[in-house]
Amino acid sequence: LRIWSISKPVTSVAIMRLVQQGNPNLLDRNVFGPNSVLGATYPTPQSNIGLNNITVRQLLNMTSGLRTGNGEAPFWDANSTVANCMSTLMNANDLITTTPNTQNIYSNLNYYFLARVIEVVTGQPYETYVRNNVLNPAGIGNTMYVGLANGESRPGEATYTPHSKPNMQQFGGFGGWVARPIDLVNFLRHVDGAPNPADILTGANHTTMTTGSMVAPGYALGWNVGNGIQNHNGCFTGGRSFLVELGNGLSYAVIVNNSPSNDNCGWTLKSVLDAALPTVAQYPNYNLF
């Protein structure tokens, strides 16, 4: 099923893998403008010169000052390209809302731009890099993938009520991934800082990824954090999802393929599961993975 914004932790881990792979200064590099990550590929229009003040870290922790987005026409056009989206976004006169590092503004566009960072730094398509450097090392197969550009379900994928049809390839970095719950738990257990199984991130990089900003201590680099645990939710038309580390040796993932009217973004569902799971007296003793 579609996991929507749990795609953001996936993108965050991919950025942290880039940091490990010989890019130690990546988080504090400027994203746009002269000598930046994207500047040579996507020049900043003069009308949005403020983009040149944004760093990779600020995109990750939602302190970039950019508004959110996903309703722009290229995000709903099956034939649109990254170039179409980037042109639309970078020329939008309302893209920048505030000075970087002064407010926490939850923005899908931050993670759209991070997917472009991955592509420019690696020279690979976003999904290809994530598969080879995040999913494969975590032992996750092809049941986790970025959805179709026409917004339809692939064979074996759920249908949704209602079934909205964004270009899931364009949603990729912030909301385009499709997965099974067990895939998400397998992903989490390889990026949770616990010694077993071995993480795909170093301890130092895990700490960096799960440390909130001064502006918003509860949101780190693509994760809600607090009390040594990490989680993220996803919500959009036709689905709700949550990936949760409870902090008592338990983690879980839940995905539904509808939009409950009494649960705006999955938090009610999470509260029920958080209360129920610690009461389970015994779990199977075989390895789920």
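The chain contains nine helices and six strands. The model is predicted. Its radius of gyration is 18 Å, close to the 19 Å that the globule rule gives for 289 residues, so the chain is as compact as a globular protein of that length. Along the principal axes, the C-alpha atoms fill a box of roughly 60 × 40 × 35 Å.

Burial was examined next. Of the 289 residues, 54% count as buried. The chain exposes about 12200 Å². Carbon and sulfur atoms supply 51% of that area. Contacts between residues at least 6 apart in sequence were also considered; 67% of them join residues at least 24 apart.

Helix α5 illustrates a covered element. This helix spans residues 126–135, and eight of its 10 residues are buried. The buried set comprises Tyr 126, Glu 127, Tyr 129, Val 130, Arg 131, Asn 133, Val 134 and Leu 135. Charged side chains are thus listed beside aromatic and aliphatic ones, with Glu 127 and Arg 131 among the buried residues. The partners of these residues include both helices and strands. On the helical side, they pack against α1 (7–20), α4 (108–122), α6 and α7 (181–189). On the strand side, they pack against β1 (145–146) and β2 (177–178).

Aromatic contacts recur in the model. The structure holds 15 aromatic pairs. In one of them, the ring centres of Trp 76 and Phe 171 lie 6.2 Å apart. Their planes meet at 90°, and an angle over 60 degrees counts as edge-to-face, so the pair falls in that class. This pair links distant parts of the chain. Trp 76 sits in the loop between α2 (56–60) and α3 (82–90), whereas Phe 171 belongs to helix α6 (residues 168–175). The two residues are 95 residues apart. Their surroundings also differ: Trp 76 is partly exposed, with a relative accessible area of 36%, but Phe 171 is buried at 1%.

A second edge-to-face pair joins Tyr 112 and Phe 113. Here the ring centres are 6.3 Å apart and the planes are at 70°. Both partners are buried: Tyr 112 has 0% relative accessibility, and Phe 113 also has 0%. These two pairs do not stand alone. Ring pairs link Trp 4, Phe 32, Phe 75, Trp 76, Tyr 112, Phe 113, Phe 171, Phe 174 and Phe 236 into a cluster.

Charged groups also meet aromatic faces. The charged end of Arg 116 sits over the ring of Tyr 112, 4.5 Å from the ring centre. Tyr 112 therefore has a ring partner in Phe 113 and a charge over its ring from Arg 116. Elsewhere, Arg 154 lies over the face of Tyr 145, at 4.1 Å from the ring centre.

The cysteines were considered last. The structure holds one disulfide. Cys 235 and Cys 265 form this bond, with their sulfur atoms 1.6 Å apart. Cys 235 lies in strand β4 (residues 229–236). Cys 265 lies in the loop between β6 (251–256) and α9 (267–276). The bond therefore ties together parts that are 30 residues apart in sequence. Cys 235 is partly exposed, at 24% relative accessibility. Cys 265 counts as buried, at 17%, because the cut-off for burial is under 20%. Another cysteine, Cys 85, is buried with a relative accessible area of 1%.

Conventions:
Residues are numbered from 1 along each chain as its sequence is written. This is a predicted model: local features need pLDDT of at least 70, side-chain atom pairs count only at pLDDT 80 or more; totals for chains, interfaces and linings use all residues. Side-chain values use heavy atoms; hydrogens and water are left out. Rings of Phe, Tyr and Trp (its six-membered ring) pair if their centres lie within 6.5 Å; planes under 30 degrees apart count as stacked, over 60 as edge-to-face and the rest as tilted. Helices (H or I, at least four residues) and strands (E, at least two) are DSSP runs, numbered from the N terminus. Buried means under 20% relative accessible area, exposed over 50%, partly exposed in between (1.4 Å probe, protein chains only). A charge sits over a ring if NZ of Lys or CZ of Arg is within 6 Å of the ring centre and within 35 degrees of the ring normal. A disulfide is a pair of cysteine sulfur atoms within 2.5 Å. The radius of gyration is taken over C-alpha atoms; the globule rule is 2.2 Å times the number of residues to the power 0.38. Contact means heavy atoms within 4.5 Å. Accessible areas come from the Shrake-Rupley method with a 1.4 Å probe; for residues, only the protein chains shown count as cover.
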